[in-house]
Amino acid sequence: MKDFKDRVAVITGGASGIGLALARRAADAGMRLVLADVEEAALAAAAAELGAGGAQVHTVRCDVSQAEDVERLAEQTLKAYGGVHLLCNNAGVGGVRVRAWQASTKDWQWVLGVNVWGVIHGVRVFTPIMLGQGGEGHIVNTASAAGFVSMASTAPYAVSKHAVVTLSEVLYHDLQDEKASVGVSVLCPAWVGTNIWNSQRNRPEDLRDHADTEAERAKREQLRALLEKGRVTAADVAAMTFDAIAEDRFYVFPHPKIRKDIQTRMEDILELRNPTRTA
Ligand SMILES: NC(=O)c1ccc[n+]([C@@H]2O[C@H](COP(=O)([O-])OP(=O)(O)OC[C@H]3O[C@@H](n4cnc5c(N)ncnc54)[C@H](O)[C@@H]3O)[C@@H](O)[C@H]2O)c1
């Protein structure tokens, strides 16, 4: 998709971080926006900022893990603008940093609910709309570098992002088979300074199973420091994503060095070596 002006972009997790940067980039390109998020105050602030810059913005409170919320998001998008051309399935949470056997059932439900089911619902609900309306479209699924490697103490997050990568690859093949004019990209950043270190802020009460501990707070602060050291900004990631959309490029790796770790993993697999610890 090369023409963005006046076309409609739906961005989940659009109130913060990479989603907000994608929204700013879409607004700069003259797109009309639908921002979907669970964090209503941040959503209102994002809409106010973008609206003040002249963008047309519609906001929807939407929990992407819930089928009916995503269905309502599509209905409201069609009601507001009559179509959708760019879908960014971007909402995501970082989860917990514990050993694989220590993540609780609710930890898994929370992370897989947002990161995997959110993308599944987006693909399931919006792809038929984009195919049915005809013309060009593009779907960007935000996975992660974690979708290609297997770091210690990241089980729910890594599982969720590996799932998003393969869902995106299958979607690509299916759309190619259908000779559709809807493209797909999978966005795979490494460390970007956003609010993901504090994902627990949006964790639903019914998916919490214990009070926050001092150790967890310390781990979050460590993650925050790591993210803030990252040289690639959310705005850089958004610019690279829009270049990929315009060039109909599938894989988007804003941090090129991660490809070395992916190569090591692939070689481990092909040479039947035990997994190399890369990070
Ligand atoms: N920041 C990084 O280093 C990094 C690296 C790789 C991948 N990612 C991915 O980028 C995406 C965006 O994350 P970010 O880093 O901008 O974090 P962020 O916390 O700044 O933004 C995520 C947004 O998603 C929203 N959200 C959370 N749960 C939701 C739900 N159930 N329904 C709808 N919205 C929900 C949050 O309210 C927030 O606005 C995620 O999918 C994340 O996994 C981030």
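Guide: Quick definition before we start: helices and strands here are DSSP runs, at least four residues for a helix and at least two for a strand, numbered from the N terminus. Also, this is a predicted model.

Visitor: Cool. So how many helices and strands does the protein chain have?

Guide: The chain comes to 8 helices and 7 strands. Its radius of gyration is 18 Å, close to the 19 Å that the globule rule gives for 279 residues, so the chain is as compact as a globular protein of that length.

Visitor: And what order do the strands take in the sheet?

Guide: They run 3-2-1-4-5-6-7 in an open sheet, and the pairing is parallel. Strand 3 (57–61) and strand 7 (251–252) sit at the edges with a single partner strand each, so one side of each has no neighbour in the sheet.

Visitor: Which helix packs on the sheet by strand 3?

Guide: That's helix 2 (residues 40–52), which touches strand 2 as well as strand 3. Its direction makes about 175° with that of strand 3.

Visitor: How many bridges link strand 2 and strand 3?

Guide: Strand 2 (residues 32–37) pairs with strand 3 over 5 bridges, in the parallel sense. Val34, for one, has His58 in strand 3 as its bridge partner.

Visitor: New topic: the ligand. Which residues are closest?

Guide: Gly13, Ser16, Gly17, Gly92 and Thr194 are the closest, out of 31 that surround the ligand.

Visitor: Which helix gives the most to that shell?

Guide: Helix 1 (residues 17–28), with 3 residues.

Visitor: And what's the shell like by class?

Guide: There are 14 nonpolar, 14 polar and 3 charged residues around the ligand.

Conventions:
Residues are numbered from 1 along each chain as its sequence is written. This is a predicted model: local features need pLDDT of at least 70, side-chain atom pairs count only at pLDDT 80 or more; totals for chains, interfaces and linings use all residues. A residue is near a molecule or strand if its C-beta atom, placed from the backbone, lies within 6 Å of it. Ala, Val, Leu, Ile, Met, Phe, Trp, Tyr, Cys and Pro count as nonpolar, Asp, Glu, Lys and Arg as charged, and the others, Gly among them, as polar. Two strands pair if DSSP finds at least two bridges between them. Two residues are in contact if their C-beta atoms, placed from the backbone, lie within 7 Å. Axes are lines fitted to C-alpha atoms, for helices over the stretch in contact, and angles run from 0 to 180 degrees between N-to-C directions. The radius of gyration is taken over C-alpha atoms; the globule rule is 2.2 Å times the number of residues to the power 0.38.
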